[in-house]
Each structure stands twice: as C-alpha cells, then as structure tokens.
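Let's take a friendly walk through this model, from its overall layout to a few individual side chains. Please keep the structure open beside you as you read.

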Amino acid sequence: REPNETNTWLERVKQVVFETPVLDMHTHLFPRRFVKLALSGVDELLTYHYLIAETLRILPLGYDEYWSLDRERQAELIWKTLFVERTPVSEAARGVITVLKRFGLPTEGKSLDDIRRGWPNPSDGDYAEKILDLAGVKQVVMTNDPFDPQEREIWLAAGPMESYFLAALRLDPLLNDYQSLSGKLNNWGYRAGSALTEETVAELRRFLNEWIERMKAVYVAVSLPETFSFPDSSVRSTLLTEVVLPVCRAKDLPLAMMIGVKRGVNPALREAGDSVGKADIRAVERLCAGFPHNKFMVTMLSRENQHELTVTGRKFRNLMVFGSWWFLNNPSLVGEITRMRLELLGTSFIPQHSDARILEQLIYKWIHSKQVIAKVLAEKYGDLSEAGWPVSEEDIRRDVEALFAGNFWRFKNLKL
Ligand code: REL
Ligand code: ZN
C-alpha cells in the first residue's frame, strides 16, 4: 500500500475515534462528595502507584521512609527522580506530560512549583465534567466496595448519583477473603456465619441484592489471583455458585472478572507491590459453559493469557472480553492485543477501560489508548478495502461506537 493511503486511513479513523464518546467501564474514580476517595490534582497524579514503583527502583530510600513523607514531599521526590534527573519515557511518566500539555502547563522549566501554580482549580463546580470532556469520556464506571467502612457510610448517607458516574459492586473481600468478613456482616445486621449454611447463603444474597439496589450497580465485579480455579473445593467456588451467580442472574447483571493479579509480591510497596501471574483459562471456560444464563465480562492481566482468552470469546456469547489491564496498558501491548481481538472477534469486544484512579488520568489514558486503537483500526480498514470492501465513514462510526460504548450496553442488556 502507498504510504499516503495509510495516512489517509489513519486520519479518517483518528477523527472518528477522537469524536466518539467513551463509556469507561472500569475506573477507581469517585464524584467529589466521596471526599477522600475522590483523587485529583498534580500531587496525586505524581504519586500514582505506577510511578511510586518506578521511583523506588531508583531512589536509595527506605520504603518506610518514603511512606512517612507527606504527599507533597513524595510528589517532589518522584518529580525530581523521574522527570528532572531522567527522561519520562515510561508510559505512566509520559502520561503526566500528556496531562500537562492538555492543560497548557509549562514542562520546559521542569519546575513543579510552576505546574502547581498553574493547575486548574479543582473546586470549580464543573471540574469533573471538564476533565471528562477533555478525555472524550461520557460516563465512567466506579469500583464500589460495600465492605469498605468509609465508602459504605457515604452510600448510606448519599442522595442520587451524578449521571456520569455509574456504580459497579466490587466483591473482592467476599470472594477472596470471606473468613474476615462474617464479623463485620453480623455487626451490620446480617446473620452470616463463617460456615456457608443455608441461612448464611440467604443472608449474603440479601446483602448483595440490597447493595445492587442502593448503588444501582451496572455490574458486579471481582479481581482474582492467577491461581483462580473453578470449580474446586474452595469457599470462593461455593460463594460463586450459591451466592454471586444466582444474584447476578436474577438481577440480569454481568459478573466482571479481572483475573491474574498476584497481590503483595512486595508488600512494602503497598499498592505498588502487586504483580502479575498467568492464570488458567479453564476456569473461564467452565463458568461460561456451566452458567449459560449468566453473563461474564473478563479481562486477564498476563500477556500470556490474551490469545486463549480471545479464542474463548469466540466460543461463548455470554463472555465479553474487555480491556488491556494495568501492566498491559502500554502502547505496544494495547496494539498487539487489540489487533488480535479484531482478527478473532471482529468488533464484538471492549478494547479498553482506563483504570484511572486520579481524575485527570482519564485524559492521558484515553488519549494514549485512542491513538493506538485508531492506528490498528486504520490498518484493518486499509487491508479490508484492499481486499475489495468499500469501508464508509458510517461503517467506521458504527464500529467505533460499538467498541467504545455500544458493546457494553448491548451485553449488559442481553437476555440469556
Ligand atoms: O481493579 C483492580 O484490581 C486493579 O485495577 C487495581 O488493583 C490496580 O491497583 C490498578 O491501579 C491498576 O491499574
Ligand atoms: Zn482496577
């Protein structure tokens, strides 16, 4: 193909990709009234756990010493280490630069003080809307933990949710650490014991139903270790079969499973100390086959699992493959994974979620992902037109809309 032809495709696709509003199906963002849970601003951006890991590889500073510093001082150390003394080429570091650029803030002087001074005022009433606009995002799905006392209190007190924040009921404590929960549940008025008796199962279902209603959750979610297996003799397997899947089915909600995280490989790094492991795809196959009336949205963390997950997507209509998660959210891997998914699934998947923890990250995570997704789509449209299919502007718009929002809603509303 002629080089200018490729460029033309890229320009056409880029325009559509950057104009199409996104439903960001997994983030860790909150509206401002969730107070301490709603992270925003340059110091938060710099102390993102991805950048903490990169900094503490280099700085000869004890972990405890780092954690004992206040947020501003931590941000200054990260800025100095990764941005002043080195070139910010890593994906997470480049992300900060993309945000600064979008805000029109100076990077040449490498002065964090100038950046802090020029930062837009986050207490402006429509700050969140402005950030979503800059990112081209229409709605974000939060990660809502009903077992977190801080979050729980806010939900119990809160009025209606902002329309651009949707809830997802996150069940990690239930499915990954049940033994530590029953005391808490008893205090909250649920007769849930440590043995999964009939009464406990009924009470746990009641708990989930109440929280799904309270949050108006659009799906139920859990992250799972690389050792996740199903079915087996674990409490988790019983909880999935007896509690979570029946509730999801009755409420017609997908269960999102994020598989392959190895928590606390270096606990001294706290959130930055989690890692990745290759998981067993058979657990996904058995769930999809064994529960054909349940819907599963699945992302896997290891690169090694991507091909088999995509193939499994071909086998089950109750499986929606999504995202290039966490350590995969780098241009090289997003490109490779999206290309493979288009080749094996057509447009019937969800290419990306941001996993943003800090509001302003929406800007860079989406700009960077959209650049890669546009490139891969342009390549595919170029190949297709060369094969003899006329690809129209309308086709491109329909496809991108499906990838960025439509597939999520279609799957969520699918009746099985
Ligand atoms: O939702 C999750 O379990 C993960 O995405 C997080 O635990 C992780 O820390 C996140 O920041 C990754 O992007
Ligand atoms: Zn996440």
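## Two domains

The protein chain is divided into domain 1 (3-38 + 136-413) and domain 2 (41-121). Please bear in mind throughout that this is a predicted model. Taken over C-alpha atoms, the centres of domain 1 and domain 2 are 28 Å apart. Where the two meet, 21 residues of domain 1 are in contact with 21 residues of domain 2.

## The sheet and its strand 3

Next, have a look at the sheet. It is open, has 7 strands in the order 1-2-3-4-5-8-9, and its pairing is parallel. Strand 1 (22-24) and strand 9 (319-321) are the edge strands, each pairing on one side only. From one strand to the next, the twist averages 25°.

Strand 3 is a good place to stop for a while. On one side, strand 2 (residues 137-141) runs parallel to strand 3 and is joined to it by 2 bridges; here Val-140 has Phe-165 of strand 3 as its bridge partner. Strand 3 (residues 165-170) also pairs with strand 4 (residues 217-224), in the parallel sense and over 4 bridges. In that pairing, Ala-167 stands opposite Ala-217 in strand 4, and the bridge partner of Arg-170 in strand 4 is Ala-221.

Is strand 3 enclosed by the rest of the structure, or open to the outside? Because 6 of the 6 residues of strand 3 are buried, the strand is largely enclosed by the rest of the structure. Both faces are covered: Phe-165, Ala-167 and Leu-169 are buried on one side, and Leu-166, Ala-168 and Arg-170 are buried on the other.

## The largest nonpolar core

The largest nonpolar core has 143 residues, and the members that touch the most others are Trp-119, Leu-174, Tyr-219, Val-244, Met-257 and Phe-296. Helix 17 (residues 361-387) gives the largest share of this core, with 12 residues. Both domains take part, since the core draws at least three residues from each of domain 1 (3-38 + 136-413) and domain 2 (41-121).

Which residues surround Met-257, once neighbours within four places in sequence are left aside? Met-257 is in contact with Val-222, Leu-224, Phe-228, Leu-287, Phe-296, Met-297, Val-298, Thr-299 and Phe-322.

## Two buried residues to visit

Phe-408 is found in helix 18. With a relative accessibility of 3%, which is under the 20% cut-off, Phe-408 counts as buried. Not counting residues up to four places away in sequence, Phe-408 touches Leu-23, Met-25, Val-218, Tyr-219, Met-297 and Ile-350. Phe-408 and Phe-349 are 59 residues apart in sequence, and their C-alpha atoms are 8.4 Å apart in space.

Leu-51 lies in helix 3 (residues 49-56). Its relative accessible area is 0%, so Leu-51 is buried. Beyond its neighbours within four places in sequence, Leu-51 is in contact with Leu-45, Leu-46, Ile-78, Leu-82, Ala-92, Ala-93 and Val-96. Leu-51 and Glu-379 are 328 residues apart along the chain, and 32 Å separate their C-alpha atoms.

## Aromatic pairs

Aromatic side chains round off the tour: the count comes to 18 aromatic pairs. Two of them are set out here.

| Pair | Geometry | Centre to centre | Between the planes |
|---|---|---|---|
| Tyr-66 and Trp-67 | edge-to-face | 5.1 Å | 80° |
| Trp-366 and Phe-404 | edge-to-face | 6.0 Å | 70° |

The pair of Trp-366 and Phe-404 links distant parts of the chain, with Trp-366 in helix 17 and Phe-404 in helix 18 (residues 393-413), 38 residues apart. Trp-366 counts as buried at 1% relative accessibility, and Phe-404 counts as buried at 4%.

What is the relative accessibility of Tyr-66? Tyr-66 comes to 1% and counts as buried. Its partner Trp-67 has a relative accessibility of 18%; the cut-off is under 20%, so Trp-67 counts as buried too.

Finally, Phe-147, Trp-188, Tyr-190, Phe-207 and Trp-211 form one aromatic cluster.

Terms used: Residues are numbered from 1 along each chain as its sequence is written. Chains are lettered from A and ligands numbered from 1 in the order in which they are written. Side-chain values use heavy atoms; hydrogens and water are left out. A nonpolar core is a set of buried Ala, Val, Leu, Ile, Met, Phe, Trp, Tyr and Cys residues joined through side-chain atoms within 4.5 Å. Buried means under 20% relative accessible area, exposed over 50%, partly exposed in between (1.4 Å probe, protein chains only). Domain bounds come from an automatic or database domain assignment. Contact means heavy atoms within 4.5 Å. Two strands pair if DSSP finds at least two bridges between them. Axes are lines fitted to C-alpha atoms, for helices over the stretch in contact, and angles run from 0 to 180 degrees between N-to-C directions. Rings of Phe, Tyr and Trp (its six-membered ring) pair if their centres lie within 6.5 Å; planes under 30 degrees apart count as stacked, over 60 as edge-to-face and the rest as tilted.
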